[in-house]
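Please look through the model below with two topics in mind, its cysteines and the packing of a pair of its helices.

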Amino acid sequence: MDTRHVDPGTDADVLIAGAGPAGCAAAIVCASAGLRTVLAERAAGPVARPGEALHPGAETLLARLLPDGFADAVRARHEGITVGWGTEPRFQPFGRDAAGPWYGFQVDRQRLDALLLERARRAGVDVRLGSRVMEPVVRGGAVTGVRFRGPQPPLRTRTVIDASGRARWLSRALGLTGPPRSPRLLVRYGYAAGACPERDAAPAIVADHSGWTWTARVGPARYQWMRLDLVPEQGRRPPAGPPPEFAGLRPEGAARAADVSWRLCPRAAGPGWFVVGDAGALLDPSSSHGVLRALLSGWTAGSLTAAVADRTLEPEQAAGTYRNWLHEGAERDMAHLSSRYAALGAHGFG
């Protein structure tokens with residue numbers, strides 16, 4: 001172990017709560033910088049999550065986090081997306097360079113999370129599955145440790161990173177949760193098996209004043225759909241099953257739902273703490289940047305944590321840098337998506 005950062009008054013240099021893409025990215029960066037890193041995850045291991053469509057830009061970052069590759073998590077690739085946002089659907093390629101077209105990809109989130117978690121272990125991270133962080137220890141206005149649920153003793157640490165997603169445990173504990181930045185948004189989603197040749201070439205998102213529908217091939221003979229209703233019909237519940245496009249497919253289990261109302265932590269960093277991933281900024285899936293934002297926020301918070309440990313930055317400087325970075329990016333994405341919803345006649349976003 002690199003002993004440059006060892007503080008005898010602490011049990012670890014950094015505690016990260018949550019082992020999704022944001023938490024694992026932060027853990028890998030911190031451990032690679034020689035920090036004593038603990039990654040606590042309340043689940044017993046990676047769990048099944050909705051498949052994710054990743055923009056080609058995520059590939060470079062994933063290659064740095066997973067130098068041995070992540071092909072095992074990729075289930076489908078595509079050159080672009082068919083988009084009909086209040087218009088006739090039209091294929092929009094991602095672009096190309098001298099090497100050829102750029103490809104996005106559909107990933108199996110459970111497998112991707114497992115690859116990131118294993119990479120964190122090999123980097124020297126102390127991974128604690130089934131370990132739930134309950135509350136921060138705050139002294140002199142700084143977060144100096146955490147308490148766990150159950151018999152596990154408190155952990156003294158120089159930095160705490162909240163990567164708990166929508167649970168937002170740290171910002172809730174510090175009283176930093178802001179109001180929603182959108183109307184209440186509920187997305188329904190499900191999977192279906194069979195053949196849908198029209199969707200094999202590229203995913204599609206089609207929207208009108210009532211909402212949007214996303215359809216995609218997410219693996220061999222396997223497809224996913226999502227539906228977000230902006231204007232539910234009076235006195236009528238929206239259909240619970242697949243869209244008409246998938247009428248000939250065999251549904252896999254019942255449809256599920258998730259609250260994807262927009263949120264932005266009003267103060268995402270302070271002395272000894274950072275809030276990353278969905279805990280810091282959450283938009284609905286039509287933003288298409290969820291996993292990439294999570295990875296980047298974890299990477300950024302981890303890099304700033306290492307800079308503070310090396311005394312390259314003061315804690316207040318690191319916190320301010322992170323807050324500005326997160327807020328500028330999230331506000332930009334919210335403004336862009338707000339204008340897209342306004343074009344459909346929807347308001348109350350941003």
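A residue is called buried when its relative accessible area is under 20%, exposed when over 50%, and partly exposed in between, with a 1.4 Å probe and protein chains only. This is a predicted model, in which local features need pLDDT of at least 70 and side-chain atom pairs count only at pLDDT 80 or more, while totals for chains, interfaces and linings use all residues. Residues are numbered from 1 along each chain as its sequence is written, and side-chain values use heavy atoms, with hydrogens and water left out.

By the cut-off just given, Cys265 is buried, at a relative accessible area of 5%, and Cys30 is buried as well, at 0%. The structure holds zero disulfides, a disulfide being a pair of cysteine sulfur atoms within 2.5 Å. For Cys30, the nearest cysteine sulfur belongs to Cys24 and lies 12 Å away; the sulfur of Cys265 has its closest cysteine sulfur in Cys30, at 18 Å, which is too far for a bond.

Cys30 also takes part in a helix contact, where heavy atoms lie within 4.5 Å. Helix 1 (residues 21-32) packs with helix 6 (residues 290-309) at an angle of about 30°, their axes being 7 Å apart; helices here are DSSP runs (H or I, at least four residues), numbered from the N terminus, and axes are lines fitted to C-alpha atoms over the stretch in contact, with angles from 0 to 180 degrees between N-to-C directions. Helix 1 and helix 6 are therefore roughly parallel, a term for angles under 35 degrees. Among the residues making the contact are Ala22, Ala26 and Cys30 of helix 1, and Leu295, Trp299 and Thr305 of helix 6.

Methods: Helix = DSSP H or I, 4+ residues; strand = E, 2+ residues; numbered from the N terminus. Parallel < 35°, antiparallel > 145°, perpendicular 65-115°, else oblique.
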